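Please examine the model shown below. The account that follows considers its metal site and then its ligand site.

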Amino acid sequence: MAYLVNGNDIFKAARENHYAVGAYNTNNLEWTRALLRGAKETRTPLLIQVSTGAAKYMGGYKTVKDLVLNEMDNMDIDVPVILNLDHGDYESAKECIALGYSSVMFDGHNLPTDENLAKTKEIVKLAHERGISVEAEIGKIGENQGADGGELASVEDAKTFVAAGVDKLACGIGNIHGVYPEGWKGLNFDRLKEIAEAVPGEPLVLHGGSGIPQDQIEKAIKLGIAKINIHTELCQAAMEAINEHKDEPFLAVERAVRQAVKERAMYKIKLFGDDGRADE
Ligand code: G3H
Ligand code: ZN
């Protein structure tokens, strides 16, 4: 029977050996199957994640977990799979811990740092009692508000949150969710380097991974990024398939979307260097 892993060893190995494991958002059955198939074909450990909005759309966190596990069985998935709550608030993180997700992101970046830290500690305690991995966010990932990116994460916060027990740390380093705007200044490698040196061995997470030029991806991985989140590029691939096949029968369009999402994920997997890592 299918089971989930928390991925802690996988991400630590990624940081140590300078590659990254992609984290891909799912929005429905088609994407879930596409991502599982892409991981199986490339022999890659898969982190599949769901946002609070997508989970609501899909029928709730339990529906998502059941879907992933059922499809793992149906498709004979034999690579490690991590199911992560993406950008969870305090309540959704607790719900996913109780449901048996294998990883949760508690995103308290909108809270004052003290409160973010206190709530992160509570989530860490609840999650670790059940062997579940925790990701936290410091600084602010940009939201397409301009070319500057969000607020840079501080080195002090990085040390504090890692000392609080978080297993993966998402840092604002000039990265932005969605499509990168004209004139984007790029990732702040000086800050990434400082953070990476302050928390050796800790897997660092790059949100807003879609559309970042490959030379910057490679440099970020070299410096300590071990998890790269991708959603927008999957949406773009799906939309391209819909436009290209729009005059075909509905199921042919669905099939084309599934194929496009799978191919985009496989393309990213190769760029991040995690293909074949499931068998190591
Ligand atoms: O948490 C999800 C991501 O950070 C995805 O970012 O939509 O820019 O690829 P993206
Ligand atoms: Zn994100």
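How are the donor residues of the zinc ion (ligand 2) spaced in sequence? In this predicted model, the donors follow the pattern H-x89-H-x29-H. The coordinating atoms are NE2 of His87, NE2 of His177 and ND1 of His207, at 2.1 Å from the zinc ion. Histidine 87 belongs to strand β3, whereas histidine 177 lies in the loop between β6 (168-171) and α8 (189-198); the pair therefore ties together parts that are 90 residues apart in sequence.

Histidine 177 also leads to the second site, as one of its polar side-chain atoms lies 3.0 Å from an oxygen atom of ligand 1. Two further side chains make contacts of this kind. In serine 210, a polar side-chain atom is 2.5 Å from an oxygen atom of ligand 1, and in aspartate 86 a side-chain N or O atom is 2.7 Å from an oxygen atom of that ligand. The protein covers 95% of the 310 Å² of accessible area that ligand 1 has on its own.

Ligand 1 occupies the largest pocket. Its surroundings comprise 13 residues, of which Asp86, Gly208, Ser210, His231 and Thr232 come nearest. By class, the shell around ligand 1 consists of 11 polar residues, 1 nonpolar residue and 1 charged residue. Strands β3 (81-88) and β8 (225-230) each contribute at least two residues to this shell. Strand β3 thus appears in the description of both sites: histidine 87, a zinc donor, lies in β3, and β3 also supplies residues of the shell around ligand 1.

Methods. Residues are numbered from 1 along each chain as its sequence is written. Chains are lettered from A and ligands numbered from 1 in the order in which they are written. This is a predicted model: local features need pLDDT of at least 70, side-chain atom pairs count only at pLDDT 80 or more; totals for chains, interfaces and linings use all residues. Side-chain values use heavy atoms; hydrogens and water are left out. A residue is near a molecule or strand if one of its heavy atoms lies within 4 Å of it. A polar contact is a pair of N or O atoms within 3.5 Å; within protein, one must be able to donate a hydrogen and the other to accept it, and residues adjacent in sequence count only if both atoms are side-chain atoms. Accessible areas come from the Shrake-Rupley method with a 1.4 Å probe; for residues, only the protein chains shown count as cover. On a 1 Å grid over the protein atoms alone, a cavity is a set of points where a 1.4 Å probe fits but cannot get out, and a pocket is an open set with protein on both sides within 12 Å along at least five of seven lines; lining residues have an atom within 4 Å of a point. A molecule sits in a cavity or pocket if more than half of its atoms lie within 2 Å of its grid points. Helices (H or I, at least four residues) and strands (E, at least two) are DSSP runs, numbered from the N terminus. Ala, Val, Leu, Ile, Met, Phe, Trp, Tyr, Cys and Pro count as nonpolar, Asp, Glu, Lys and Arg as charged, and the others, Gly among them, as polar. Donors are N, O and S atoms within 2.8 Å of the metal (3.2 Å for Na, K and Ca); water is not among the atoms, so sites may look incomplete.
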